[in-house]
Amino acid sequence: MAPTDKFIPVLASEVPTVENGLISSDGLTYTFPIRKGVKFQNGEPLTPEDVEYSFKRAMVQDRDGGPVWMFLEPLLGVYSTRDEEGNIVVPFEKIDKAVEVDGDNVIFHLKMPYPPFLQILCQSWSSIVCKKWCIEHGDWPGTAETYPKYNNPEVPPLQEIAMGTGPFKLERWEHGVEYSLVRNDDYWRGPAKIKRVIVKKIDEWSTRKLMFQAGDVDICYVPRLYMKEVENLPGIINVKNLPELMVSALFFTFEIDPTSPHIWSGKLDGDGIPPDFFKDKDVRLGFAYSFDWETFIRDAWAGEAVQRPTPVIEGLPYFNPDQKGYYLDLKKAEEHFKKAWNGELWDKGFKMTLLYNIGNEYRRISAEIWKRNIESLNEKFFIYIRGVEWPLFLKDMVASKLPAFRVGWIADYPDPHNFVHPFMHSEGAFAAWQHYKNPHVDELIEEGIKTIDPDKRREIYYELQKIYVEDCPSVITVQPLGRRWFRDWIQGWYHNPIYPGFYFYDLWKGY
Amino acid sequence: MELKHYIIRRILLLIPTLIGVTLLIFAVIQLFSPVERAALYIRDPRQAKDLPGIIKKYHLDEPVYVQYYYWLREVLKGNLGYSKSVNMPVFDAILNFFPATIELVLYSAPLIVLLGIKLGVLAAIHKDKAADHLTRVSSIIGWSLPSFWLGILLLAIFYGQLGMFPPERLGTEASVYVNSPNFIRYTKINTIDALLNGQLWIFIDALKHLVLPVASLTIQIVALIVRIMRSSMLEALNRGYVLAARAKGLEEHDVIYKHARKNALIPVFTVTGILLAGMLTGVIITETVFNYKGIGYWAAHAATQLDIPAVLGFALLAGVIFVFTNLIVDILYAYIDPRVRLG
């Protein structure tokens, strides 16, 4: 597996480090010497001004649901350029000052030290665009006064077209059908070995499988449910047990909306649960010790997942391999349930609903495991499992109406901050819906992201992993192990868990 | 009433019909909360923080009449909205996906109708004989087969085993050529464009890809026409004018094909109109199984994702298709049966 904290300079001629002086000792300034002699696909030379424009344009645009919060946080200390009402709250001057050109270099001024900044810059949202070409095609002209006009567009000006410095050019995009990429013969690292890549959307599995078998498809996404059908077919290779930078968990809501229908009577009277049911740590621990990871991994994941004690999973820096977590122990679960709510819970019992979104078998199976084991402890315990469509699930989740919810998290960038923040920080994506707040945890997370010294960071993230297990704000179900499926004539592939798909430049066809 | 006036009146009737259909859809959509409708824009739980902004931007929390007003105002300006499920304007999505369905219907509908009439007549004139039983049994089997199962079976045999008829609309090489500047996509109907561009190899490639979806649709739908044609033909054969024709000494061939069949065709026309409109507005399963992405695939995909502008755009298209198909059928009635008067 490729490491996720080592870097190869591409459009920068050197990777900034504190040692080479390109990252200032306070971690607030990053200098990128821009590689010379690189050309865009239209023949225009790459300049530091293009790099500067690319990042400013991204921040100016900042679309709803987009990835730009990842720049905004380290550069401006905010998550969005707008408030909840949609009004712009970040003045252009701030965006303008965050990135600047100095000779052949581009300098980023950070609001605070932000160790994963390099990881963030390594991904598709940091792609460099040609300023001149963008403006010619109706994109942001680079001026302060046009910032509001280009902020959060419904359809971005470059929605249908793309042009960069990379090894493949976008040849065609038939929405919802397929897109094709054609080799850029003038790519500065030399042309790719593959001339054209066509990515198709084939919804029907049987059709996709037949095309894969026939060799009309070289690389195929095979849903876990169908893996057995193609596992031993001639000419098809599958590489398994690849750690994915994703994790799923059962999150407990500490303050459930009292109007939620999923808490039944809303009281601890045997016919429901009170809104603060999960504030009692013994309830959470009772749930944690009731989960059967072995069965779940075998039945839902066909054995292709691993149990992890915390959201800092393998593949991330500062993953603690020695951290202990929970395991199935119904005796311990019983002990905790007996202690919960001063023994009242055990005497009165409870009723609650666990929702899952229809089609997500992992969530259904995990809910059933919890139901079966918890109900086996006390006949007064009742968990009702209900499948609903994703919009309904989402609606109740964001409104803190779900007593507990099962969702997954995929890395935006490979750093533990990207995992501990949503899982543990009181303002994090999941913790906020849960209303989980531990001031010490918040402090540690805020310190971790500002700390440059790797040893100190290790200490912080190890401590957070320890607290996570002690506090049990959620229970990690699994870190999935992925597979890649391709025909045996595909060569050059290696696993890098942060790639969203295959990196076509490295591939070729042959035996 | 003059034909011209009749057509104008029917077209004018289209406007209230479409308003009614779209109002109905808007009313049904209100059953979903603003958050549920905004969920289309949220693929990932981490983006949920943007929900309030999305709801405000698309007026999802406004009263239904305000939302309808915004939509209708844009439609009148020629803007059908943006289909988030395929990331393109609704109008473009229709232009993109509809030609595939038209092409499928262009080849399967004539086959279904002609074969259905032929087999229906055959079954009727050989009533209770081997040909009749065979036609009826095979058409019932075809009608009863689940379309996804039949499609997959055909694919497994003719593509998987024999390597003859691949899925999708074109092979890789042809697809690259069709999308190159050397090829002009006049209609986006591949077989027609191939001929207009003088590229016979693309025409053949497109035909090869059409064989299985057309066969699948024909096997399934032809049964309906066969059954209607057979019963209508049997009824016609028992009519007095057929007896009279026979009594006059006309050849049996002429009695059947010139007299009885023409009259027996009327109910077939009615069904064909509805059938055609139905096929044009979506043969979802066939399009999905053969990865032949047409309008039905797009509409179903959009509906499952609560892509409201797309669903409304599709409803408008479907309304127009049904109204025009019925209009054509009515005009054809008058042509076939002079007793029918348009009014």
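This passage describes selected features of chains A and B in a predicted model.

Chain B comprises 343 residues, of which 50% count as buried. Its secondary structure consists of 15 helices and two strands. The C-alpha trace of chain B extends over about 80 × 55 × 40 Å along its principal axes.

In chain A, helix α9 covers residues 281-288 and is mostly covered, with seven of its eight residues buried. The buried set is made up of A:D282, A:V283, A:R284, A:L285, A:G286, A:F287 and A:A288. The N-terminal end of α9(A) is capped by A:D280. In this cap, a side-chain oxygen of A:D280 is placed 2.8 Å from the backbone nitrogen of A:D282, and A:D282 is itself among the buried residues of the helix.

A strand of chain A, β14, runs over residues 474-487 and contains A:R484. The relative accessible area of A:R484 is 16%, so this residue is classed as buried, the cut-off being under 20%. The side chain of A:R484 is joined to that of A:E244 by a polar contact of 3.2 Å.

On the surface of chain A, four residues, A:E427, A:E443, A:E446 and A:E447, form a negative patch. One of them, A:E446, belongs to helix α17, which spans residues 439-450 of chain A. A:E446 has a relative accessibility of 36% and therefore counts as partly exposed, a class that lies between the limits of 20% and 50%.

Methods:
Residues are numbered from 1 along each chain as its sequence is written. Chains are lettered from A and ligands numbered from 1 in the order in which they are written. This is a predicted model: local features need pLDDT of at least 70, side-chain atom pairs count only at pLDDT 80 or more; totals for chains, interfaces and linings use all residues. Side-chain values use heavy atoms; hydrogens and water are left out. Buried means under 20% relative accessible area, exposed over 50%, partly exposed in between (1.4 Å probe, protein chains only). Helices (H or I, at least four residues) and strands (E, at least two) are DSSP runs, numbered from the N terminus. A polar contact is a pair of N or O atoms within 3.5 Å; within protein, one must be able to donate a hydrogen and the other to accept it, and residues adjacent in sequence count only if both atoms are side-chain atoms. Patches are made of residues with over 30% relative accessible area and no salt bridge: like charges are joined within 9 Å, nonpolar side chains (Val, Leu, Ile, Met, Phe, Trp, Tyr) within 5 Å. Accessible areas come from the Shrake-Rupley method with a 1.4 Å probe; for residues, only the protein chains shown count as cover. A salt bridge is a side-chain nitrogen of Lys or Arg within 4 Å of a carboxyl oxygen of Asp or Glu. Lys and Arg count as positive and Asp and Glu as negative; His and the chain ends are not counted. The place of a charge is taken as NZ of Lys, CZ of Arg, CG of Asp or CD of Glu.
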